[in-house]
Amino acid sequence: MGASATAGMQMVAARPCVLSSQRILASRASVLGFDRGMCGEPRFGSSRHVSSVGSLRMKSGLGAPLRCSSKVVTRAMSEASEKSEGFGLPIDLRGKRAFIAGVADDNGYGWAIAKALASAGAEILLGTWVPALNIFETSLRRGKFDESRKLPNGSLMEITKVYPLDAVYDTPEDVPEDVKANKRYAGASNWTVKEVAESVKNDFGSIDILVHSLANGPEVTKPLLETSRRGYLAAISASSYSFVSLLQHFLPIMNPGGATVSLTYIASERTIPGYGGGMSSAKAALESDTMVLAFEAGRKGKIRVNTISAGPLGSRAAKAIGFIEKMIDYSYSNAPLQKELLADEVGSVAAFLASPLASAVTGSVVYVDNGLNTMGLAVDSPTIAV
């Protein structure tokens with residue numbers, strides 16, 4: 001949603017207006033405020049102004065007479081709709097602060113989610129994998145991401161701060177010596193999950209939205225039967241337990257009523273040959289953890305926990321599996337909605353889940369895949385060709 005439509009909702013009560021035939025078009029009739037206490041010619045005023053109205057007749061955009069009765073009509077509108085035609089139901093995240101873990105470029109789902117949250121008015125903090133931090137920040141400074149930073153209202157997404165993060169390690173004590181000595185980590189500090197949560201607390205005090213956009217399987221190209229214990233556990237650690245750890249450490253600084261969103265994939269419940277190395281197991285664990293954490297975080301901190309099962313996207317990270325383009329083609333050919341899946345579509349759903357509009361939604365897996373998850377047969381298969 002554009003930032004221009006993110007004003008707070010306000011309830012406007014007016015004396016009853018009943019249409020004798022057809023309803024007034026929203027684009028032609030805004031919420032009415034009347035200055036006269038009794039019958040007579042009405043004067044349109046602010047939607048915040050409410051007064052008693054007696055008998056009233058006027059013409060709607062359809063030419064249908066409007067008559068007042070004794071009942072009260074309650075209408076809701078955003079401040080933005082006072083200045084433009086029509087009504088809207090805005091996602092309003094102004095005054096909210098979001099931490100998105102796992103953004104290292106401008107073409108993945110994490111970036112799209114950050115943009116959607118920013119469009120709704122949220123302040124954006126990012127957690128970027130330590131070895132990718134330097135090139136990411138350099139690209140930001142040099143304006144290489146300016147085109148993809150553009151929001152619907154024409155402004156650029158502002159990123160308040162980027163934190164170095166490696167969510168595989170919970171505390172400094174967990175970091176092996178060889179990683180500490182690795183030149184890719186040279187010059188970086190306070191990048192374990194616990195340290196990042198503490199840094200955010202020191203810098204900003206609290207957050208409202210936590211996004212997990214992290215996944216890695218070092219043996220993802222191997223069939224499960226050929227996956228080592230080390231590779232399997234590494235996939236679980238980076239792709240699912242990392243979310244448990246993030247919520248564990250950020251929950252104390254999350255404001256009540258906040259929300260978390262993670263990203264999963266249909267391989268958690270369907271066999272996707274080639275998506276190996278324990279990654280399918282990691283996604284299944286993430287979905288199971290979503291339900292358990294929804295209960296625990298909901299009771300402990302009034303925090304909602306949901307995950308989005310997104311369709312395939314040709315991001316840099318996804319190309320690691322080796323056949324992402326074929327997966328995209330398969331989805332296009334077989335999904336009920338035969339169109340390209342855009343990262344922004346996933347971002348929009350994430351913004352909804354993070355907003356008060358989804359205040360009763362938690363513990364859910366929300367599919368954003370053009371409906372591919374509903375299919376039980378590949379319609380492009382030669383075996384069923386007519």
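Hi everyone. Let's start at alanine 120, which sits in the loop between helix 2 and strand 7 (123-129). Before going further, please keep in mind that this is a predicted model. Is alanine 120 buried or exposed? With a relative accessible area of 1%, alanine 120 is buried, because anything under 20% counts that way. It also has a partner from far along the chain: the C-alpha atoms of alanine 120 and serine 355 are 9.1 Å apart, although 235 residues separate the two in sequence.

Right beside this spot, just after helix 2, glycine 121 has a positive phi of about 105°. Helix 2 itself covers residues 109-119, and eleven of its eleven residues are buried, so the rest of the structure largely encloses it. The buried residues of helix 2 include Trp111, Ile113 and Leu117, and also Lys115 and Ser119.

Now let me step back to the whole chain. It has nine helices and twelve strands. Of its 386 residues, 47% count as buried. Looking at contacts between residues at least 6 apart in sequence, 75% join residues at least 24 apart.

Next, some helix packing. Two packed helices are described by the angle between their axes and the distance between the axes. Take helix 6 (residues 229-250) and helix 7 (residues 279-301): they pack at an angle of about 20°, and their axes are 9 Å apart. That angle makes helix 6 roughly parallel to helix 7. The crossing of helix 6 with helix 7 is right-handed. Which residues make the contact? On helix 6 they include Tyr232, Ile236, Phe243 and Leu247, and on helix 7 they include Met279, Leu286, Asp289 and Leu293. Sorted by class, this contact has twelve nonpolar, three polar and one charged residues.

Helix 6 also meets helix 5 (193-204). Here the axes come within 9 Å and cross at roughly 35°, and helix 5 passes helix 6 in a right-handed crossing. From helix 5 we have Val193, Lys194, Val196, Ala197 and Val200, and they meet Ser245, Leu246, His249 and Phe250 of helix 6. The classes in this contact are six nonpolar, two polar and one charged.

Phe250 comes up again when we turn to the rings, since Phe99, Tyr163 and Phe250 form one aromatic cluster. Altogether, the count comes to eight aromatic pairs. How are the rings of tyrosine 169 and tryptophan 191 arranged? Their centres are 6.0 Å apart and their planes are at 70°, so this pair is edge-to-face. Tyrosine 169 is in the loop between strand 8 (159-165) and helix 4 (177-180), while tryptophan 191 is in the loop between helix 4 and helix 5, so the pair ties together parts 22 residues apart in sequence. Both tyrosine 169 and tryptophan 191 are buried.

Let me finish with two backbone details. Most residues other than glycine have a negative phi. Asparagine 190 has a positive one, near 55°. You'll find asparagine 190 in the loop between helix 4 and helix 5, and at 41% relative accessibility it counts as partly exposed. Asparagine 370 also has a positive phi, near 65°. Asparagine 370 lies in the segment after strand 12 (365-368), and with a relative accessible area of 8% it is buried.

Thanks for listening, everyone!

Conventions. Residues are numbered from 1 along each chain as its sequence is written. This is a predicted model: local features need pLDDT of at least 70, side-chain atom pairs count only at pLDDT 80 or more; totals for chains, interfaces and linings use all residues. Side-chain values use heavy atoms; hydrogens and water are left out. Axes are lines fitted to C-alpha atoms, for helices over the stretch in contact, and angles run from 0 to 180 degrees between N-to-C directions. Helices (H or I, at least four residues) and strands (E, at least two) are DSSP runs, numbered from the N terminus. Angles under 35 degrees count as roughly parallel, over 145 as roughly antiparallel, 65 to 115 as roughly perpendicular and the rest as oblique. A crossing is left-handed if the near helix is turned anticlockwise from the far one by less than a right angle, and right-handed if clockwise. Contact means heavy atoms within 4.5 Å. Ala, Val, Leu, Ile, Met, Phe, Trp, Tyr, Cys and Pro count as nonpolar, Asp, Glu, Lys and Arg as charged, and the others, Gly among them, as polar. Rings of Phe, Tyr and Trp (its six-membered ring) pair if their centres lie within 6.5 Å; planes under 30 degrees apart count as stacked, over 60 as edge-to-face and the rest as tilted. Buried means under 20% relative accessible area, exposed over 50%, partly exposed in between (1.4 Å probe, protein chains only).
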